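Reader: I am new to reading protein models. Could we go through this one together, question by question?

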Amino acid sequence: MPHKGLVERGYPKAKIYQTHGAASLDLIRVGGKDVEGSFVSSGPAVVANLLPDSNPSKAIGMKFVAEYEKVYGPHSANQFSAHSYDAYLVLQRIVPEALKKGKPGTKEFRVALKEALETVGRMPVSQGVLNYTAADHFGFTPDTGVLLTIANGDWKVVATK
């Protein structure tokens with residue numbers, strides 16, 4: 001694990017940042033004390049229970065985690081399963097609109113899907129808030145992510161404002 005290698009070589013733990021792909025309990029399990037104090041960017045779903053009630057993704061994230069872990073067991077929800085869930089939420093919103101303008105499999109339907117996605121507006125999902133436009137197909141708003149640190153073998157949300 002590169003993170004452990006850095007720590008073993010004396011690199012300061014409090015200056016190690018991981019991408020959101022590392023935001024899993026396996027990082028904590030495998031990294032142990034070597035990952036304590038490091039930082040991880042994350043989508044809200046991983047730590048929905050730690051977010052303030054005012055966070056637009058908290059309720060959706062909590063629902064996702066509960067439903068996912070009911071099927072796959074405790075502590076099984078992760079970034080990747082949350083993104084899949086969010087794709088489902090997006091399709092629930094845009095497919096009915098596209099069906100009004102075309103039949104699945106047709107050019108009209110594909111154009112209508114794209115149009116619906118680009119005009120649906122702000123849409124909270126478990127991993128943040130989406131707002132697709134014709135000029136922005138990334139979709140996630142700048143206030144979407146959360147910054148985490150690892151403290152006492154668990155996630156802690158870092159206040160960034």
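Reader: Which residue in β2 is the bridge partner of Q18?

Author: Happy to help, and keep in mind that this is a predicted model. Strand β1 covers residues 17-18 and strand β2 covers residues 39-42; they run parallel and are joined by 2 bridges. For Q18, the bridge partner in β2 is V40.

Reader: What kind of unit do β1, helix α2 and β2 make?

Author: Helix α2 spans residues 25-31. Together with β1 and β2, helix α2 makes a β-α-β unit, and its hand is right-handed.

Reader: Which residue of β5 is the bridge partner of S42?

Author: Strand β5, residues 146-151, is joined to β2 by 4 bridges, and these two strands run antiparallel. Within β5, the partner of S42 is V146.

Reader: Now for the rings. Why is the pair of Y17 and F39 called stacked?

Author: The structure holds 5 aromatic pairs. In the pair of Y17 and F39, the ring centres are 4.8 Å apart. Planes under 30 degrees apart count as stacked, and the planes of Y17 and F39 are at 15°, so this pair is stacked.

Reader: How many residues apart in sequence are the parts that this pair ties together?

Author: Look at where each ring sits: Y17 lies in strand β1, while F39 lies in strand β2. The pair therefore ties together parts whose separation in sequence is 22 residues.

Reader: Is F39 buried or exposed?

Author: Its partner Y17 has a relative accessible area of 54% and is exposed. Buried means under 20% relative accessible area. F39 has 15% relative accessibility, so F39 counts as buried.

Reader: What is the angle between the planes of F64 and Y85?

Author: These two form another aromatic pair, with 5.1 Å from centre to centre. The pair is described as tilted, and the angle between its planes is 40°.

Reader: Which helices do F64 and Y85 lie in?

Author: Both F64 and Y85 are buried. Their pair ties together parts that are 21 residues apart in sequence, because F64 and Y85 lie in two helices. F64 is in helix α3 (residues 58-72), and Y85 is in helix α4 (residues 79-99).

Reader: Which residues form one aromatic cluster?

Author: Start from the tilted pair of F64 and Y85. Two tyrosines, Y68 and Y72, belong with them, and the cluster is F64, Y68, Y72 and Y85.

Reader: Last one: how many helices and strands are there in the protein?

Author: Along the sequence, the pattern reads α-β-α-β-α-α-α-β-β-β-β. The count is 5 helices and 6 strands.

How values were computed
Residues numbered from 1 in each chain as written. Predicted model: local features only at pLDDT ≥ 70, side-chain atom pairs only at ≥ 80, totals over all residues. Heavy atoms only, no water. Pairing = 2+ DSSP bridges. Right-handed = clockwise from strand over helix to strand, strands pointing away. Phe/Tyr/Trp six-rings, centres within 6.5 Å; stacked < 30°, edge-to-face > 60°. Buried < 20%, exposed > 50% of the residue type's maximum accessible area, 1.4 Å probe, protein only.
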